[in-house]
There are 2 protein chains.
Amino acid sequence: MTAPRRARPSKPATIKDVARALGISISTVSRAMRGFPEVNNETRQAVLRTAEELDYQPNQVALSLVTKHTHSIGVIVPNLDYFFATAVRGIDELAIEAGYTVLTCQSNESYGREITNTQRLVNSRVDGLIVSISSATSSLDHFRRLLQREVPMVFFDRVNADLEANKVMLHNYDGAVQAVSHLIEQGCRRIAYLAGPASLSISNQRKEGYLGTLRQHGLPVSDDFIVHCEFDREHAYRATLRLLDGAERPDAIFTVSDRIAIGALLALRERGVRVPDDIALVGFNDEPVASLLTPSLSSVAQPAFEMGRIAAQLFVEQMNSDEIRPYQTVVLKPTLMVRESSLRRR
Amino acid sequence: MTAPRRARPSKPATIKDVARALGISISTVSRAMRGFPEVNNETRQAVLRTAEELDYQPNQVALSLVTKHTHSIGVIVPNLDYFFATAVRGIDELAIEAGYTVLTCQSNESYGREITNTQRLVNSRVDGLIVSISSATSSLDHFRRLLQREVPMVFFDRVNADLEANKVMLHNYDGAVQAVSHLIEQGCRRIAYLAGPASLSISNQRKEGYLGTLRQHGLPVSDDFIVHCEFDREHAYRATLRLLDGAERPDAIFTVSDRIAIGALLALRERGVRVPDDIALVGFNDEPVASLLTPSLSSVAQPAFEMGRIAAQLFVEQMNSDEIRPYQTVVLKPTLMVRESSLRRR
DNA sequence: TTGTAGGCGTTATCAT
DNA sequence: ATGATAACGCCTACAA
C-alpha cells in the first residue's frame with residue numbers, strides 16, 4: 001500500500017526550457033514569441049509549437065522587472081456596496097479592453113487600511129491607482145508622495161479638492177439642488193439633511209446644494225436640521241430619532257445615501273410617521289432597493305458604471321501619454337428619480 | 001512665461017541607492033533591512049535611517065522573481081453582489097491578518113473572462129487562487145492545469161464535485177430542506193422551485209433538497225414546477241409569469257436566490273397574487289433587502305463572511321504546509337429566516 | 001561582520 | 001536570422 005500520490009507538480013516552463021528543447025538561444029525564442037518579423041518562419045513555427053507543448057507562458061514578474069510595467073491597475077475603494085461594486089465593474093470593463101488587469105482592495109473606511117493597501121499595491125508595482133478616499137482618511141500624504149513621483153492616479157466619487165490629480169465625480173451640488181427643489185415643490189418647508197461623515201467632500205458638496213436651494217427659496221436654514229452620521233443603517237436610524245425629537249420637526253428629509261435613507265425610513269415607521277404625508281424622504285444613489293421599498297424611495301441617481309469607466313479611461317490616457325498633461329476633472333450629471341416617498345398627493 | 005512644471009519625478013530608491021549612500025555593499029543593506037542578527041548595530045541604524053530618508057521600499061517584483069512568492073491571493077468571483085462582496089470581505093480580512101494582499105477579479109459570469117482572469121493572475125504569479133465558478137463555465141481544464149501544478153486553490157460557494165481541491169460551501173441540500181419543510185408546515189402543497197442556471201452545483205443541490213423534502217412528505221413532484229432561469233430579476237420575473245400561466249398554479253415558490261425571489265415578487269404583485277396567502281415565497285441568501293420588502297421576504301441565510309474567512313484560512317494553511325495534505329471540504333450550515341412572505345395566519 | 005558572485009526570467013544591445 | 005551578454009532589483013551562498 002503506497003501513500004496517495006498526486007501527479008508530480010511541474011514548475012512552469014520558462015523561456016530557457018523552450019530554447020533548450022529546440023537547441024536554439026533564448027533570444028530567438030523571445031523574438032519568435034513576440035512576433036518579430038526578422039525571425040525565420042520555420043523557426044517561429046517550431047517555437048510556437050514547443051511553447052504550446054510545454055505550456056510556456058511568459059513570467060510577468062520577470063517581464064515587469066525589465067519593463068517597469070505590470071499592466072495592472074490598483075483600485076482602492078472604501079467598501080463594495082452597490083455603488084462601488086458597480087463603479088468597479090465599469091473600471092474593470094474599460095481596463096480589460098485596454099489590456100489592464102484590475103486589482104481591487106477595500107479600505108473598509110479605515111485610514112490605516114488605505115495606507116497599507118496603497119503601499120502594497122505600489123510595492124507590487126501596479127502601474128497606477130484608481131482611488132475613492134475612505135471616510136476616515138485624515139491626511140493625504142500617502143497619495144501626495146505618489147503624485148510627486150508621477151505615479152498615474154485617478155480619484156473618483158470621494159475626491160479631495162487639494163489633490164492635484166485626475167478626478168471623476170458627480171455634480172453633487174446639483175444632485176442636492178434637484179432633490180431639495182423637488183421637496184419644496186411638493187410643499188415641504190422644513191427640510192432636514194441627514195449627512196454622512198463631515199470629512200467627506202460628497203457630504204459637504206451636497207450640503208452646499210441643500211443650503212443653496214433653501215436660501216434661494218427664502219427658506220430658513222437651521223443647524224438643528226443638519227445631522228451627520230456614519231454610512232450605516234443603525235447610525236442613521238438613531239440620527240433620525242434625534243431629529244424627530246428635536247424642538248421643531250421637519251416635514252422632509254434629504255439624505256446623503258440610500259442606505260442612510262433606509263435607516264431613516266425604519267425610524268419613521270417605528271414612530272408611526274407617515275411617509276411622504278408627514279415627512280417626505282429623498283435618498284441618494286438610486287440603489288436597486290430604492291424601488292422595492294414601501295413606500296418606494298425617491299433618490300438621486302448617479303451613473304456609477306460610467307463613473308468607473310471614465311476613471312479607467314482617464315487612467316489609460318495618462319499612462320499612454322508621455323507628455324505632461326493638465327489634470328482633468330470630469331463631472332457627471334445626477335438624475336432625480338421621483339418615487340412615492342416624496343410625492344404628495346394634493 | 002514658462003510652461004507649468006511639476007516637481008521632478010524621482011524614481012523609487014533601490015537597495016543600491018541606499019548602499020551607495022552609505023558606501024557599503026547591498027548585501028549588508030539587505031541584511032540590515034531584514035533584521036538579521038549578525039549585522040553591526042551601528043550599521044543597522046545607519047541603514048534604517050538612510051532607507052527612511054530615501055524612502056526606500058523593497059521592490060516586490062524583484063523580490064518575487066527570487067522567492068517565487070508574491071504574498072498575494074487572486075480571487076475570482078462571478079460578480080460583486082451582496083453575497084460575494086461580503087465573502088470577499090471575509091477573505092480580505094483573514095488574508096490581511098496572514099500578510100497577504102487580495103486581488104479581486106470579476107468573471108462577470110463569463111467563461112472567457114474567467115479563463116482570462118485565471119491566466120493573468122497566474123502569470124502575475126499570485127501565490128494561488130480562491131475561486132467561485134462562473135455560471136457559464138463549461139470546462140474546468142483551466143483550473144485542472146493549475147491543480148496539477150499544485151498551485152494552491154480554494155473553491156467556495158460555487159464549487160464542482162469533480163475538482164480535487166479545497167472547498168468551502170453551504171449545505172445547500174439542508175438549506176432547501178429547511179425552506180421547503182417550512183412551506184409544508186405552513187400548509188403549502190404545490191411548491192414550485194425557481195432555480196438558477198442548470199449548470200450550477202448550488203442550483204442542483206438545492207433542487208435535490210427540494211425534491212427530497214417533497215418526497216419525504218409524500219407530496220407529488222412535477223417538472224412543471226421546476227423552472228430554471230438566469231440570476232437576474234428580469235428573467236425571474238418572466239419565469240414566474242410562465243409558472244403562473246401553467247396548467248396548475250403553485251401555492252408556494254422556493255427560489256434559488258433573493259434576487260430571483262424579487263423578480264418573482266414583482267410578477268406576483270403585478271398579477272394581483274397575494275403573498276403569502278395565495279402563494280408563499282422563500283428566497284435564498286438573506287440579503288439585507290429581504291427584510292425591507294413588502295411583504296418582508298423569508299430567506300435562507302448563509303454565512304457569507306465566514307465562508308470567505310474559511311476559504312482564506314484553508315488557502316493559508318495549504319500555503320504554509322509543505323507536506324501534501326488531503327483536500328478538505330468545509331460545509332457550512334444555513335439558517336432559515338422566517339418572515340412575512342411565507343407565514344400564513346391560520 | 002561584511003563583501004563578492006551567481007542566479008531568478010525576461011528584454012535589449014551588440015555581435016556574428 | 002541568430003546568439004551572447006548585460007541589465008532589471010533582490011537574495012543566497014560562499015568567501016574574506
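Me: Relative accessible area, found with a 1.4 Å probe and protein chains only, sorts residues into buried (under 20%), exposed (over 50%) and partly exposed (in between). Why is A:R309 called partly exposed?

Reply: A:R309 has a relative accessible area of 23%, and that value lies between the limits, so the residue is partly exposed. The structure is a predicted model, in which local features need pLDDT of at least 70, side-chain atom pairs count only at pLDDT 80 or more, and totals for chains, interfaces and linings use all residues. Side-chain values use heavy atoms without hydrogens or water, residues are numbered from 1 along each chain as its sequence is written, and chains are lettered from A and ligands numbered from 1 in the order in which they are written.

Me: What makes A:R309 and A:E97 a salt bridge?

Reply: The closest N and O atoms of A:R309 and A:E97 are 3.2 Å apart. A salt bridge requires a side-chain nitrogen of Lys or Arg within 4 Å of a carboxyl oxygen of Asp or Glu, and therefore the pair qualifies.

Me: Why is this pair said to tie together parts of chain A?

Reply: A:R309 belongs to helix 12 (residues 304–320) of chain A and A:E97 to helix 5 of chain A, so the bridge joins parts 212 residues apart in sequence. Helices (H or I, at least four residues) and strands (E, at least two) are DSSP runs, numbered from the N terminus. A:E97, at 55% relative accessible area, is exposed. A network of salt bridges links A:E93, A:E97 and A:R309.

Me: How do you know that A:E248 and A:R190 form a salt bridge?

Reply: The N to O distance between the side chains of A:E248 and A:R190 is 3.7 Å, which the rule accepts. The two residues lie 58 residues apart: A:E248 in the loop between helix 10 (233–244) and strand 8 (252–255) of chain A, and A:R190 in the loop between helix 8 (172–185) and strand 6 (191–195) of chain A. A:E248, with a relative accessible area of 46%, is partly exposed, and A:R190 is partly exposed at 33%.

Me: What makes B:E109 and B:R158 a link between distant parts of the chain?

Reply: The side chains of B:E109 and B:R158 meet in a salt bridge at 2.8 Å, N to O. B:E109 is in the loop between strand 2 and helix 6 (111–123) of chain B, and B:R158 is in the loop between strand 4 (153–156) and strand 5 (166–170) of chain B, 49 residues away in sequence. B:R158 has 4% relative accessibility, so this residue counts as buried. Over all chains, the structure holds 28 salt bridges.

Me: How many salt bridges are counted between chain A and chain B?

Reply: The count between chain A and chain B is four. One of the salt bridges is that of B:D55 with A:R149, at 2.9 Å, N to O. Elements giving two or more residues to the side of chain A that touches chain B include helix 5 (82–97), strand 2 (101–106) and helix 11 (258–270) of chain A. Strand 2 of chain A gives the largest share, six residues.

Me: What area is buried between chain A and chain B?

Reply: About 5,100 Å² is buried, and carbon and sulfur atoms give 52% of it. Buried area here is the accessible area (1.4 Å probe) that two parts lose on being put together, summed over both. The contact (heavy atoms within 4.5 Å) takes 55 residues from chain A and 55 residues from chain B.

Me: Why are the copies said to meet through the same surface?

Reply: Of the interface residues of chain A, 100% are also interface residues in chain B, so the copies meet through the same surface.

Me: How do you know how the two copies are related?

Reply: A turn of 180 degrees and a shift of 0.0 Å along the axis lay chain A on chain B with an RMSD of 0.1 Å. The two copies are therefore related as by a two-fold rotation axis. The superposition is by least squares on the C-alpha atoms of residues with pLDDT of at least 70 in both.

Me: Why is B:T104 called buried?

Reply: B:T104 has 5% relative accessibility, so this residue falls in the buried class. B:T104 is found in strand 2 (residues 101–106) of chain B. Leaving aside neighbours within four places in sequence, its contacts include A:V102, A:T104 and B:V88.

Me: What makes the phi of A:D286 worth noting?

Reply: Phi of A:D286 is near 50 degrees, a positive value in a residue other than glycine. Most residues other than glycine have a negative phi. A:D286 lies in the loop between strand 9 and strand 10 of chain A, and its relative accessible area of 19% makes A:D286 buried.
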